[in-house]
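Grab a pencil and let's work through a protein model together. Try each task on your own before you read its solution.

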Amino acid sequence: MEKCWIRVWIVLVGCLLPVLVQSRVRHYQFNVVMKNTTRLCSTKSIVTVNGKFPGPTVYAREDDNLLIRVINRVKYNVTIHWHGIRQLRNGWADGPAYITQCPVQPGHSYVYNFNVTGQRGTLWWHAHISWLRVTVHGAIVILPKLGVAYPFPKPDREAVVVLGEWWKADTEAVINQAMKSGLAPNVSDAHTINGHPGGGGGGCAAAGGYQLSVAPGKTYLLRLVNAALNEELFFKIAGHKLTVVEVDAVYVKPFKTDVVVIAPGQTTNVVVAADQAAGKYMVAASTFMDTPVVAIDNTTATATLHYSGTLSNSPTAPVTTPPPNATAVAAKFANSLRSLNSPKYPAKVPATVDHSLVITVGLGVNPCRTCAAGNFSRVVAAMNNITFVMPATAILQAHVLGINGVFTADFPGNPPVAYNYTGKPPANISTRKGTKLYRLPYNASVQVVLQDTGIIAPETHPIHLHGFNFFVVGKGLGNFNPKIDPQNFNLIDPVERNTIAVPTGGWVALRFLADNPGVWFMHCHFEVHTSWGLKMAFLVDNGNGPGESIIPPPKDLPKC
Ligand code: C2O
């Protein structure tokens, strides 16, 4: 009798355990290694994680603890950023080099130890030093807690779709050379869908492209990631509508579209129904850039949506993406995004503002004694006219350990000189240099207006904030008007995300609650603009007690 009860207990506990103990510890090993890879008919050695391009998908469930050991087996310094993961009180695992950590040096390793709290959906990871992220990136899939459904009909299947760039040249050499000369670097040679340019890529009809196999009548959740270095992208599938259900790991009010617009750093989940006649349908990704003077890679990456039972030699229904300057298409897509704002997933928009900032984002031109090719000047970029200078040691460490002289907390909350930002540039378009942070008390509510400038040319900037999601409460063209524009802010159901494209010649207004103590990078996710200095950081103070304070640094934190 007793034995029997024990048996019943074991069975009961065995069944209940996974339900009771939902969160788990998940271990991953990231070997950063070189790998010979062939694209566009030529072979090149690229930096990868575990030999893969794109890199491995990290799967997690909300509330999990991830332990990811990064082992650096290449000649470059490496860090990995978990783009969009909030890293509550835990900047040590955030990853931007010299902001939160010193890089992992060749032959060394570091364990990124973090929890996934209050987030579910698609995010991604990427190298966060120099331009290594061009090939060192992959998706993060965060499943909802066990027993919690999606707020939309559960798709039958799902697939990760990473959009990227392929460069024939060595991108580290490209950016190093550009920084020396002061001139703009080149553009990529092809776009990629899950690592492949497809037939339309770069003039080399390489063997096929990515194939998404579907069964008639089924629905598919596509987890789109834009991992490209320097280009916003259109994404389209011939003959199929896409229902957008989530961006940057936050659910949105579902809406149908035939084209997705996605900036570097952003993620977008769409549901597609295999509801068309069986056959093959082209999938395409191409550049959105509505500033004519900016050089772009205007190749179109292609893939195939392939219905089961379709012969592989049957024709593919073609699709055309919008032209690169399709401003209206991008604006319509951006305007369609709204927070779900349901009882279960409320939009907690800060109703009041403690710190109201206006930050210009744009380019500049500084004198350069060694830049003969650029007429002794160099292109730079700035936020509020400050070209951010990377320190030689990590800012978070300097902050926590009280090391002086690494940064100053005097980033200006307003443009130093007021002018018609999107009109004719001022006479002096040079910038100041500095490692300046903007300091915030714990739990301050913050409004940031990002204002594009027309210096050199007005241009879109996909701005990413680490450590937080923000609400996009307003946007417009021309100059932000602090008297009139806030009257039209959406404080009810604005989209919540971590990366937002400032419209060309316009502005966006963001709000967030500074409930995460630490040092949090904010920068343009066009890698070329980041290299030029379009970056700054927030320093958020500790609150009361350990529950509102930065956790102690891990023992294996890399040294500079
Ligand atoms: Cu996705 Cu600071 O980067």
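The exercises below go from domains to salt bridges, then to a sheet and some backbone details; keep in mind that this is a predicted model.

**Exercise 1. Domains**

Task: Find which domains the protein is assigned, then describe how domain 1 and domain 2 meet.

Solution:
- Step 1. Start with the bounds: the assignment gives domain 1 (10-143), domain 2 (157-335) and domain 3 (355-548).
- Step 2. Now take the first pair on that list: the C-alpha centres of domain 1 and domain 2 lie 23 Å apart. Their contact involves 25 residues from domain 1 and 40 residues from domain 2.
- Step 3. Next comes area. The size of an interface is often given as the accessible area lost when the parts come together. Here domain 1 and domain 2 bury about 2,900 Å² between them, and 68% of that is on carbon and sulfur atoms.
- Step 4. Who gives up the most on the domain 1 side? Leu-40, Thr-122 and Trp-131 lose the most area to domain 2, together 30% of what that side buries.
- Step 5. Finally, look for salt bridges across this interface: the rule finds 0 between domain 1 and domain 2.

**Exercise 2. A salt bridge with two buried partners**

Task: Work out where Arg-120 and Glu-62 sit and what their salt bridge ties together.

Solution:
- Step 1. Check the distance. A salt bridge needs a side-chain nitrogen of Lys or Arg within 4 Å of a carboxyl oxygen of Asp or Glu. Arg-120 and Glu-62 come in at 3.1 Å, N to O.
- Step 2. Place both partners. Arg-120 is in the loop between strand 6 and strand 7 (121-127), and Glu-62 is in the loop between strand 3 and strand 4 (65-72), so their bridge ties together parts that are 58 residues apart in sequence.
- Step 3. Are they buried or exposed? The cut-off for buried is under 20% relative accessible area. Arg-120 has 15%, so Arg-120 is buried. Glu-62 has 8%, so Glu-62 is buried too.

**Exercise 3. Bridges over longer stretches of sequence**

Task: Count the salt bridges, then follow the ones made by Lys-253 and Arg-439.

Solution:
- Step 1. The total by the rule is 11 salt bridges.
- Step 2. Lys-253 meets Asp-493 at 2.6 Å, N to O. Lys-253 is in strand 15 (residues 250-257), while Asp-493 is in the loop between strand 28 (470-477) and strand 29 (496-497), so this pair links distant parts of the chain, 240 residues apart.
- Step 3. Compare their surroundings: Lys-253 is partly exposed at 32% relative accessibility, whereas Asp-493 is buried at 13%.
- Step 4. Look for a further partner. Lys-253, Arg-338 and Asp-493 are linked in a network of salt bridges.
- Step 5. On to Arg-439, which meets Asp-541 at 3.0 Å, N to O. Here Arg-439 is in strand 25 and Asp-541 is in the segment after strand 33 (535-540), 102 residues apart. Arg-439 is partly exposed, with a relative accessible area of 42%.

**Exercise 4. Reading a sheet**

Task: Write down the strand order of the open sheet of 5 strands, and name its edges.

Solution:
- Step 1. The order is 25-33-32-27-30, and the pairing is mixed.
- Step 2. The edge strands are strand 25 and strand 30 (499-502), each pairing on one side only.
- Step 3. From one strand to the next, the twist averages 20°.
- Step 4. Zoom in on one pair. Strands of a sheet pair through backbone hydrogen bonds, either parallel or antiparallel. Strand 27 (residues 461-465) and strand 32 (residues 518-524) are antiparallel, with 3 bridges. Within this pair, Ile-463 stands opposite Cys-524 in strand 32.

**Exercise 5. Unusual backbone spots**

Task: Find where Pro-54, Arg-89 and Asn-443 lie, and say what the backbone does there.

Solution:
- Step 1. Know the background: most residues other than glycine have a negative phi, and most peptide bonds are trans.
- Step 2. The bond joining Phe-53 and Pro-54 is cis, with omega about -10°. Pro-54 lies in the loop between strand 2 (42-49) and strand 3 (58-61).
- Step 3. Arg-89 isn't a glycine, yet its phi is positive, about 60°. Arg-89 is in the loop between strand 5 (80-83) and strand 6 (109-115), and is partly exposed at 27% relative accessible area.
- Step 4. Asn-443 also isn't a glycine, and its phi is positive at about 70°. Asn-443 lies in the loop between strand 25 (437-440) and strand 26 (445-452). With a relative accessible area of 38%, Asn-443 is partly exposed.

Terms used: Residues are numbered from 1 along each chain as its sequence is written. This is a predicted model: local features need pLDDT of at least 70, side-chain atom pairs count only at pLDDT 80 or more; totals for chains, interfaces and linings use all residues. Side-chain values use heavy atoms; hydrogens and water are left out. Helices (H or I, at least four residues) and strands (E, at least two) are DSSP runs, numbered from the N terminus. Buried means under 20% relative accessible area, exposed over 50%, partly exposed in between (1.4 Å probe, protein chains only). Two strands pair if DSSP finds at least two bridges between them. Axes are lines fitted to C-alpha atoms, for helices over the stretch in contact, and angles run from 0 to 180 degrees between N-to-C directions. Domain bounds come from an automatic or database domain assignment. Contact means heavy atoms within 4.5 Å. Buried area is the accessible area (1.4 Å probe) that two parts lose on being put together, summed over both.
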